[in-house]
Amino acid sequence: MPAASLAEVAGLYVHVPFCERACPYCDFDFEIGSPRVIVDGVERWFLGLEAERQRESAALARPFDTLYFGGGTPSAIGLGGLARLFDWVEGSLGLALAAMAEVTVELNPEHVDAAMLDGLVARGVGRVSLGVQTLDEGGLRELGRGHGGGSGRSCVAAARAAGLRVSADLILGWRGHSADILRREIDELLAAGAEHLSIYALTVEPDTPWPKLVRRGLRILPDDDLQAELLLVAEAHARAAGLTHYEVASYALPGAEAVHNSKYWRWRDVVGLGPSAASVRHGADGAVERRHNPRGLAAWSSASPGDLERLEGEEAAAEGLWLGLRRLRGLDVGAFLARFAVDRTWLEARVARQLALQNLEWAQGGEVLRVAGERWLVHDTIAQDVLVPAAKPK
């Protein structure tokens with residue numbers, strides 16, 4: 001019988017929907033403008049947060065042990081804006097940042113200085129996620145970033161010196177990227193003090209500026225084979241440096257795994273606030289409820305409650321299956337069956353195709369199901385397949 005989750009400690013995500021510039025590949029939900037425009041938008045955003053707090057009072061009336069401020073670019077609202085956000089979280093939500101297991105804030109290197117870092121530490125933030133993307137000057141121009149390679153490296157070092165744990169993002173597969181550049185980037189980030197790396201292949205969404213730039217001859221589309229090669233280079237080099245590849249896109253030194261992000265892959269509840277934020281709640285009956293906030297500051301500010309989706313039975317279990325398989329150490333079969341309203345026979349039938357293709361494998365005497373070897377490169381294909389019901393026997 002699925003176990004109840006309502007008493008479990010949850011995670012909280014707050015979406016900060018502001019950026020000073022639009023990266024040509026980015027499809028996230030953000031507002032762009034001058035500092036003055038951002039200031040005006042922040043006022044509207046805080047009013048929206050308060051309205052959402054009142055609408056979602058029941059969901060927020062539970063313990064939280066992780067808090068993640070994402071975006072957009074949270075650091076675009078400056079230390080003053082972040083301090084106001086922390087005041088709202090502590091005053092209106094009743095959460096003490098310093099008492100939480102993990103508080104993460106996403107920062108762009110161009111916004112980071114000693115005052116910003118010291119201010120975060122003073123308020124109880126313990127971890128930052130830096131949007132480095134690359135340390136190569138040509139790569140930064142290609143990706144449309146607003147900082148230089150040296151500042152990405154120095155920000156990591158400064159954040160560590162301030163007492164913060166540091167995760168750094170890397171994007172690979174842009175024009176001119178190579179295995180040698182990638183290895184140097186990993187080495188330099190680790191030497192500067194990064195404990196966690198999030199490594200992504202450059203993905204170009206149709207509604208971003210990148211396809212238009214391609215048509216004008218200013219960019220090229222990523223090469224899938226090069227990206228696959230670089231992903232394997234990144235894994236081998238990071239593992240040789242002592243990092244564990246614990247999730248498809250995530251690498252960590254011992255003890256530095258992202259606690260908040262791991263909640264999604266371990267079927268823990270998360271409440272999301274802000275434009276486009278998502279919430280997930282797991283019921284005692286194995287069902288999963290997901291709420292998706294409207295995209296865009298204007299639509300979200302209209303006090304819409306967002307879209308509510310309820311998954312039950314096999315549908316909920318299939319969702320939990322592909323999420324659980326993102327953790328490369330494997331899916332704990334016992335925990336999975338305790339969470340969702342299916343049995344082992346269902347699980348074995350649902351993954352039979354991927355086992356036959358040797359994309360998945362059993363481990364620890366069948367108590368763990370995991371992605372096999374380098375097959376994490378085709379995790380999206382695995383996910384699409386396990387979401388499809390197994391064929392009924394004739």
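**Note on the predicted model: helix packing, cores, a small sheet and backbone outliers**

1. Helix α7 passes α9 in a right-handed crossing. The model is a predicted one. The two helices, α7 and α9 (residues 224–240), pack at an angle of about 35 degrees, and their axes are 10 Å apart. On the α7 side the residues that meet α9 are A179, L182, R183, I186 and D187; on the α9 side they are L230, V233, A234 and H237.

2. A second helix pair is α12 (residues 313–324) with α16 (residues 379–386), where the packing angle is about 165 degrees and the axes are 9 Å apart. An angle over 145 degrees counts as roughly antiparallel, so α12 is roughly antiparallel to α16. The crossing of α12 over α16 is right-handed. A318, L321 and W322 from α12 meet H379, A383 and V386 from α16.

3. On the nonpolar interior: the largest core has 94 residues, and L12, W45, L85, L197 and F336 have the most contacts inside it. Helix α7 (residues 179–192) gives the largest share of this core, 6 residues. Another core lies apart from it and has 8 residues, among them C23, I171, L202 and W210. In soluble globular proteins, nonpolar side chains tend to be buried together.

4. Which residues does L197 touch, leaving aside its neighbours within four places in sequence? They are A168, I186, L189, L190, L243, A249, S250 and Y251. Of these, I186 is also one of the α7 residues that meet α9.

5. An open sheet of 3 strands has antiparallel pairing and the order β15-β17-β16. The strands β15 (331–332) and β16 (360–363) are at its edges; each has a single partner strand, so one side of each has no neighbour in the sheet.

6. Within that sheet, β16 and β17 (residues 368–371) run antiparallel and are joined by 4 bridges. L360 is opposite V371 of β17, and W362 is opposite L369 of β17. The two strands form a hairpin with 4 residues between them, and Q364 in the turn has a positive phi of about 50 degrees.

7. The remaining points concern the backbone. Most residues other than glycine have a negative phi, and most peptide bonds are trans. The peptide bond that joins G71 and G72 is cis, with omega about 25 degrees. G72 is placed in the loop between β4 (64–71) and α3 (78–92). Is this residue buried or exposed, at 15% relative accessibility? G72 counts as buried, because the cut-off for buried is under 20%.

8. The surroundings of G72 include residues far from it in sequence: G72 and F18 are 54 residues apart in the chain, yet their C-alpha atoms are 5.0 Å apart in space. Beyond its neighbours within four places in sequence, G72 is in contact with H15, V16, F18, C19, F28, D29, F30 and E106.

9. Q133 is not a glycine, but has a positive phi of about 70 degrees. Q133 lies in strand β6 (residues 127–133). Its relative accessibility is 9%, so Q133 counts as buried. Leaving aside neighbours within four places in sequence, the contacts of Q133 are Y25, L143, R145, D169, L170 and I171. One of these, I171, belongs to the core of 8 residues.

10. W267, also not a glycine, has a positive phi of about 60 degrees. Where is W267 placed? W267 is in the loop between α10 (259–265) and β11 (270–273). With 7% relative accessibility, W267 counts as buried.

Methods
Residues numbered from 1 in each chain as written. Predicted model: local features only at pLDDT ≥ 70, side-chain atom pairs only at ≥ 80, totals over all residues. Heavy atoms only, no water. Pairing = 2+ DSSP bridges. Buried < 20%, exposed > 50% of the residue type's maximum accessible area, 1.4 Å probe, protein only. Contact = heavy atoms within 4.5 Å. Core = buried A, V, L, I, M, F, W, Y, C linked by side-chain atoms within 4.5 Å. Axes fitted to C-alpha atoms, helices over the stretch in contact; angles between N-to-C directions. Parallel < 35°, antiparallel > 145°, perpendicular 65-115°, else oblique. Left-handed = near helix turned anticlockwise from the far one by under 90°.
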